[in-house]
Amino acid sequence: MANSELTAACERLIEECLDREDGPGRGELPVIMLFGPRGSGKTTLMKEVAENSATSFSLPFVHIDCAEHPDIKVGEITAQIARRVMGGRWRQFAPVKLPRVVLGNLALSLGPDLEREETEQKLYELIRGRRGIPDNAKTLQEIFNLLGGSLPVLPVAGPLIATLIDRVSRGRRLIDLLERKGMAWYRDRLGPGGLTDLARSGAVEDGSPAAARVICEALLEDLREGWSRKWRPRNCLVMLDNSDSPSGREFLRALVAAKAHRADTLGPAGRDPLLVVAASRSWQDLGHHWNRPGTPEPLAPGGTRHPHRVRQASYGDWLTNRAGGRHDRWWYPVLLPGLGRAEVARMREIGRGGPGRAHAGFAHALTGGHPLALTHLLEAMAAREREWQERERETGWTEQALRELPALDRAHPQHPFGDFPHDLEDLIACAAATDLADAEDAGLLSRRWRSAIDELGDHMWLLTGPPRDSAPVIHPWLRRLLLRELARRHGRDGPLWNTVHKRLEDLYTSREQVPRDRLSMVMHHRLARVDLEPAGHLRLAEVVALLDGRFNEIDMAEWIRQYNWITSAPNRLPVSAPLDDLYGRLIQEPPEEGRLAPDDRDDPYGRSALDRRAGTDRTTVVRSVVVDRWFLSDPGLDPLRCRRQGVADGLRLLSRYATSGRSVLVNEAHRYDREDDDE
């Protein structure tokens, strides 16, 4: 389902660059890179922009899906652009002829094994119509057949090249344009060899980047000349979907190199009217100026920058923040954000016919706003509702029914695990770590030569963590899928979940320098290992003992921060068990000391398990707010946020035991009172 707000924001940015009258369209134009992970709606966005562009009679545009043609050459892409621009949809404006692009593609299609003189002779014969070529042979296919050659059939459109010369011109005008403008331009650009050198370099692997750059320069010069002849209100738009395919990467590199060369040699006179908008689900090499999402902010002002989201992007922002290098200055990376709660609520209303405010909040929290995950989840909810209607049941959504909604199937073509065929095992283990940099130190990675963090970042699944940490974090939806997979697996020492979190506990126990309080880091992972077994109850008691022991001993604002951090731990509690039953079993007092698990005999803060102040009123309240917020922090466990009021009430009760900082606890309780699903 499309995100109308995102489409509008993207079209605003594009329109700003296309406008040649009231906008900056007569200046230099960026290469806009729209980045987003798999399933973030890039293809849908590009199609909507293309459909809206098709309604305009003043906007020449080209929409190419590079994934459908991963091996298409740069010259073939320029030929497709030429065919579209030279089409008849814009007859109210001066016609655009692209002789340099046509002639360059013609040269690139000649046999590479010909001698220099023979290549030049064939090219001249082809253009001048010698060797018995009749005047009515106006298409490249006819000319090639008469010359005994064969026209390469392009994967984009079979008769593509065959129609280009027809659209340049006919008869003597054809020869004049191709020879006078085309041949002369290539001689000026490449020297006496001109097109013959282009043909030979295009067929050699080491020379193909140079040939690709030249054919892109030919495209830019043709467009500049065509737009300078008479008035045109808007620039030319090229949209490349899946530009991270080999063909897309090659074209973008060649285009940026061509723009850089023209800016160096021609200056402002070389400005072209071509705006390129490319969508990619993996990070591309944009130079050192732009930071890949998920990397820390630069320490020094004026250093590398993180891309803006599309709603904050603008032409002025690109001019202000672009790189200074001759090549890198053309890139403008823009991030496609997830859907907000308001957009999710509208999607829910369309699919259900009702407001569903609480359901929208649940769906947004569960998926992190990821469009594919949201679409799947809302479709599953709608299917369940239709099933109830067919059975003539008026049962509304219950907490348990929401918890048991199906997840995205691994066989789905857009499932994110498809991005990590070689690193999935490492990523599953890494998902337990809150700081991905610690995953390797904890021994969770099997391969040292290729970082799992780099794999996540390259596929746009990393986010920058809170300023306090500045550490990369996994996108919440992907992390949820990875944690779910981790909970299913078993190793030699038992459940893999317990093994991984225990290693992280040991890591932070042994460290003296950590971003947060060391024992809070330990207890975060200890709480993750809490289950319904006796050992799980004892782990919960350890967490409660730490927070209870620090109450009134440290600043209350710091106590709240530690409490929030610890209770944000993931869990693997059974989804099939009713939430009230889980809560009741965990809120009970811990079992006897004799059932203490072997790895929990030593208290990490120096006390034995028998020295806890269990059973006191304050300890009981601390235990309840720990369990309440632990449940509340996982929308898959508490989808309707039923434990929110429990946290607020528990914090108010704790304020009675506070010797200082009571207002901090009361204000924190008010925050849970004010939370609304529409925020």
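## Close-up views of a predicted protein model

Asn 552 is partly exposed, with 23% relative accessible area.

**Figure 1. Asn 552 is placed in the loop between helices α23 (534-550) and α24 (556-566).** The model shown here and in the other views is predicted. Asn 552 is not a glycine, yet its phi is positive, near 70°. Its relative accessible area of 23% makes Asn 552 partly exposed, because buried residues are under 20% and exposed residues over 50%. An aromatic cluster is also part of this view: Phe 551, Trp 559 and Tyr 563 form it together.

**Figure 2. Asn 242 is a second view of a positive phi in a residue other than glycine.** The phi of Asn 242 is about 50°. Asn 242 belongs to the loop that runs between β3 (236-241) and α11 (246-266). Is Asn 242 buried or exposed? With a relative accessibility of 16%, Asn 242 counts as buried, since the cut-off for buried is under 20%.

**Figure 3. Asp 241 is a buried residue of strand β3.** The relative accessibility of Asp 241 is 2%. Which residue 195 positions away in sequence has its C-alpha 6.9 Å from that of Asp 241? That residue is Met 46. Met 46 is also among the residues that Asp 241 touches, when those up to four places away in sequence are not counted. The others in this list are Thr 43, His 63, Ile 64, Asp 65, Cys 66, Ala 67 and Ala 279.

**Figure 4. Leu 366, in helix α14 (residues 357-367), is in contact with residues from other parts of the sequence.** Leaving aside neighbours within four places in sequence, the contacts of Leu 366 are Leu 377, Trp 477, Arg 480, Pro 635 and Gly 636. Leu 366 and Gly 636 are 270 residues apart along the chain, and their C-alpha atoms are separated by 6.4 Å. Leu 366 has a relative accessible area of 14% and is therefore buried. For the protein as a whole, 74% of the contacts with a separation of 6 or more are between residues 24 or more positions apart.

**Figure 5. Tyr 583 and Phe 631 form an aromatic pair that links distant parts of the chain.** Tyr 583 belongs to helix α25 (residues 579-586) and Phe 631 to helix α26 (residues 617-632), with their positions 48 residues apart in sequence. How are the two rings placed against each other? Their centres are 6.2 Å apart and their planes meet at 70°, so the pair is edge-to-face; the cut-off for this class is over 60 degrees. Both residues count as buried: Tyr 583 has 16% relative accessibility, and Phe 631 has a relative accessible area of 0%. The protein has 9 aromatic pairs by this rule.

**Figure 6. Two arginines each sit over a tryptophan ring.** The charged end of Arg 322 is 4.4 Å from the centre of the ring of Trp 318 and sits over that ring. In the other case, Arg 329 lies over the face of Trp 330, and the distance to the ring centre is 5.0 Å.

**Figure 7. The largest cavity of the model holds about 60 Å³ of space.** How many cavities of 30 Å³ or more does the whole structure contain? The search finds 2. Trp 330, the residue whose face lies under Arg 329, is one of the residues that line the largest cavity. Glu 28 and Leu 29 also line this cavity, as do Lys 259, Arg 262, Ala 263, Gly 267, Gly 270, Arg 271 and Asp 272.

**Figure 8. The pLDDT varies from one element of the protein to another.** Strand β1 (residues 31-35) has the highest mean pLDDT among the elements, 97. Helix α6 (residues 140-147) has the lowest, 37. Two stretches have a pLDDT below 50: residues 165-171 and residues 593-615. Beyond near neighbours in sequence, residues 165-171 have 20 contacts in the model, and residues 593-615 have 41. Where pLDDT is low, the predicted coordinates should not be read in detail.

**Figure 9. The whole protein comes to 28 helices and 10 strands.** The protein has 679 residues, and 55% of them count as buried. The mean pLDDT is 81, with 78% of the residues at 70 or more.

Methods:
Residues are numbered from 1 along each chain as its sequence is written. This is a predicted model: local features need pLDDT of at least 70, side-chain atom pairs count only at pLDDT 80 or more; totals for chains, interfaces and linings use all residues. Side-chain values use heavy atoms; hydrogens and water are left out. pLDDT is the predictor's confidence in each residue, from 0 to 100. Helices (H or I, at least four residues) and strands (E, at least two) are DSSP runs, numbered from the N terminus. Contact means heavy atoms within 4.5 Å. Rings of Phe, Tyr and Trp (its six-membered ring) pair if their centres lie within 6.5 Å; planes under 30 degrees apart count as stacked, over 60 as edge-to-face and the rest as tilted. Buried means under 20% relative accessible area, exposed over 50%, partly exposed in between (1.4 Å probe, protein chains only). A charge sits over a ring if NZ of Lys or CZ of Arg is within 6 Å of the ring centre and within 35 degrees of the ring normal. On a 1 Å grid over the protein atoms alone, a cavity is a set of points where a 1.4 Å probe fits but cannot get out, and a pocket is an open set with protein on both sides within 12 Å along at least five of seven lines; lining residues have an atom within 4 Å of a point. Grid points are joined across faces, edges and corners, and a volume is the space filled by probe spheres set on the points.
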